[in-house]
Amino acid sequence: MPGPDVLLYGLPLAFLAGFIDAVAGGGGTITLPTLFFMGLSPAQTVATNKLLAIFGSGSATLQYWRKGHVEKALVLRLVPLALLGSALGAYLVHFVNPNAFRTLVGVVILGVGVLVLVNKRFGLEDHYPGLTVRTLALTLPGALIIGMYDGFLGPGTGTFLMFLFALAGFNLVRSSGNARTINFATNLGAFLFFLLGGQMVWWIGLPLGAANALGATLGARMAMLRGSGFVKVMYGLIVVLVAARLLTQ
């Protein structure tokens, strides 16, 4: 078991992960290896990371929600599907080797990033049409599929959710707010599941969770202040980070 000195580098990294995740997703690409290198077992790493995640995604969701950057009518319809998908994905892990899909997902997420960055106007303007048939036909199955990916593999879930909401017509700030809200719901569900396993290292998870929440609060406020152009740049960086993790793991 690691000693208290690991918090010296764990706290700033958790803060950075919270900031990045609140803007463009992908914070787990920082927190998971940080917890592992602290000396936690794989089971402890995954469980403790969910403790961090509810702090970070919860604080980011609160910021976006309070400022009106969450489309509540749509998101509340998608949360149950994302939770169902997450449970199905976790079940499928027992039958299919996730490593077989890492390279494919890494390539796909790079392709998503290229589409977002090459299209100069994509995600910069808000033209969400409301709860139309097209909107629901896109987002309902999308939330279920991305939820399954979250339970099955995980890295890049928030990035895929942002792309889904941008396709639905939201600018990237509102896409981030919607994505963080669904992330919070799925993280909370996973947290309750892992809580029963008794693998969480609380003395590490709680202080790192607080740092993660502070970073997420700052990140959400920065995204709303600087606008979709800033989020788009961060999104491109996160796509590269997530793809690199998937392709090299």
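A residue counts as buried when its relative accessible area is under 20%. In this predicted model, that criterion is met by both Tyr 128 and Phe 170, two members of an aromatic cluster that also includes Phe 165. The briefing covers helix α5 and its packing partners, the surroundings of Ala 243, the aromatic pairs, and a charge over a ring.

**Helix α5 and its packing**

- Helix α5 comprises 20 residues, from 99 to 118.
- From the first C-alpha to the last, α5 reaches 29 Å, close to the 28 Å expected at 1.5 Å a residue.
- The buried residues of α5 are Arg 102, Val 105, Gly 106, Ile 109, Val 112, Gly 113 and Val 116.
- An α-helix has 3.6 residues a turn, so residues three or four places apart point the same way.
- Three helices receive the buried residues of α5 as packing partners: α6 (133-152), α7 (157-167) and α10 (228-248).

**Ala 243 in helix α10**

- Ala 243 is located in helix α10, one of the helices against which the buried residues of α5 pack.
- With a relative accessible area of 2%, Ala 243 falls under the 20% cut-off and is therefore classed as buried.
- Once neighbours within four places in sequence are set aside, the contacts of Ala 243 are Gly 106, Ile 109 and Leu 110.
- Among these contacts, Gly 106 and Ile 109 belong to the buried residues of α5.
- Between Ala 243 and Gly 158 the C-alpha to C-alpha distance is 13 Å, with a separation of 85 residues in sequence.

**Aromatic pairs**

- The whole structure contains 7 aromatic pairs.
- One of them, Tyr 128 with Phe 170, is stacked, with 4.1 Å centre to centre and 20 degrees between the planes.
- Tyr 128 lies in the loop between α5 and α6, and Phe 170 in the loop between α7 and α8 (172-195), so this pair ties together parts that are 42 residues apart in sequence.
- Phe 170 also pairs with Phe 165 in an edge-to-face arrangement, at 5.9 Å centre to centre and 80 degrees between the planes.
- Phe 165 is buried at a relative accessible area of 0%, and Phe 170 is buried at 1%.
- Through these ring pairs, Tyr 128, Phe 165 and Phe 170 are linked into a cluster.

**Charge over a ring**

- Lys 72 lies over the face of Trp 65, at 4.9 Å from the ring centre.

Conventions:
Residues numbered from 1 in each chain as written. Predicted model: local features only at pLDDT ≥ 70, side-chain atom pairs only at ≥ 80, totals over all residues. Heavy atoms only, no water. Helix = DSSP H or I, 4+ residues; strand = E, 2+ residues; numbered from the N terminus. Expected span 1.5 Å × (residues − 1). Buried < 20%, exposed > 50% of the residue type's maximum accessible area, 1.4 Å probe, protein only. Contact = heavy atoms within 4.5 Å. Phe/Tyr/Trp six-rings, centres within 6.5 Å; stacked < 30°, edge-to-face > 60°. Lys NZ or Arg CZ within 6 Å of the ring centre and 35° of its normal.
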